[in-house]
Amino acid sequence: SEPEEEVGEETDYFKTIGVTAGDMVELIAGVVILMMFVFMAMGADKSGCNIFLPADVNLLFPSPMRPQSVLMFRLATQLGVALFGSAYMLFQLPNLIVNVGLSLAGGLSIIAVWCFAIMYGTLLQVLLYALSSTYPVVKKYLRPVIYGVLALIAGGFLLFWKQGNGDFLKAAVLFFDAKVTRFVPIW
C-alpha cells in the first residue's frame with residue numbers, strides 16, 4: 001500500500017502547484033532540446049571530424065567535386081540518417097497519448113519538434129564550424145558566448161523564481177513553458 005500512497009502524494013503535489021503532465025513533458029522536451037543545441041554548438045569548433053568522415057576523402061581529392069558539394073552531401077546524409085533514426089519516436093506516440101494524456105496532435109507535434117530540433121542542431125553545428133574555421137575570432141569566443149547565453153537563461157529564471165515566491169517546479173513551467181515563447185524557434 002506504500003507505493004499507492006506515494007503516487008497519491010505525487011499527484012496531490014502536482015495538483016496543488018497546478019502542473020499537469022503535459023506541462024512536464026513540454027518542460028523536459030525544452031531542456032533536452034536546449035542541451036542538445038549546447039552540445040552540438042560546443043563540438044562545432046573542435047574540428048570537422050563531426051561533419052566529415054574518412055570516406056569523404058575519396059570524394060574530395062580524386063573527383064572533380066568541390067568541397068562545398070561534399071559538405072552538402074555529408075550534411076544531407078547526416079540529416080537523413082538522424083531523421084530516419086527518429087522514426088522510432090513514432091512508436092512512442094501511444095505512450096504519450098495514454099500515459100501523459102496528450103492528444104494525437106500534441107504527440108505528433110512533439111515528434112515534429114524533435115525532428116526539427118535535430119535538423120536545426122545539425123545545421124547550427126555546420127554553421128558554427130564553417131564560421132570558426134573561416135574566422136579565428138569566432139572560434140576564440142564561441143564557448144564564452146555559449147556560457148554567457150546559458151548564464152543569462154539561468155539568471156533570468158532564478159530572478160523570476162525568487163520574485164514569484166512560488167514553487168521551483170511551478171516557476172520552471174511558468175518561465176520555460178510560457179505561451180508567448182512557444183513560437184521562438186530556438187527555444
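This report walks through a predicted model of one protein chain, from its overall make-up to one pair of packed helices.

## The overall fold

Let's start with the big picture. The protein chain has 8 helices and 0 strands. Following the sequence from start to end, you'd read the pattern as α-α-α-α-α-α-α-α.

How do the contacts spread along the sequence? Take the contacts between residues at least 6 apart in sequence: 65% of them join residues at least 24 apart.

## Inside and outside

The protein chain runs to 187 residues, and 25% of them are buried. As for the outside, the accessible surface is about 12300 Å². Carbon and sulfur atoms account for 73% of that surface.

## Where H7 meets H8

Now for a closer look at two helices. Helix H7 covers residues 136-164, while helix H8 covers residues 168-176. Their axes lie 10 Å apart, and the two helices pack at an angle of about 120 degrees. An angle above the 65 to 115 range for roughly perpendicular, but not over 145, counts as oblique, so H7 is oblique to H8. The crossing of H7 and H8 is right-handed.

Which residues do the meeting? From H7 come Ile 153, Gly 156, Phe 157, Phe 160 and Trp 161. Across from them, H8 brings Phe 168, Ala 171, Ala 172, Leu 174, Phe 175 and Phe 176. Sorted by type, the residues of this contact between H7 and H8 are 10 nonpolar and 1 polar, with no charged ones. The polar one is Gly 156 of H7, because Gly is counted as polar here.

Key:
Residues numbered from 1 in each chain as written. Predicted model: local features only at pLDDT ≥ 70, side-chain atom pairs only at ≥ 80, totals over all residues. Heavy atoms only, no water. Helix = DSSP H or I, 4+ residues; strand = E, 2+ residues; numbered from the N terminus. Buried < 20%, exposed > 50% of the residue type's maximum accessible area, 1.4 Å probe, protein only. Contact = heavy atoms within 4.5 Å. Areas by Shrake-Rupley, 256 points an atom, 1.4 Å probe, with all protein chains shown as cover. Axes fitted to C-alpha atoms, helices over the stretch in contact; angles between N-to-C directions. Parallel < 35°, antiparallel > 145°, perpendicular 65-115°, else oblique. Left-handed = near helix turned anticlockwise from the far one by under 90°.
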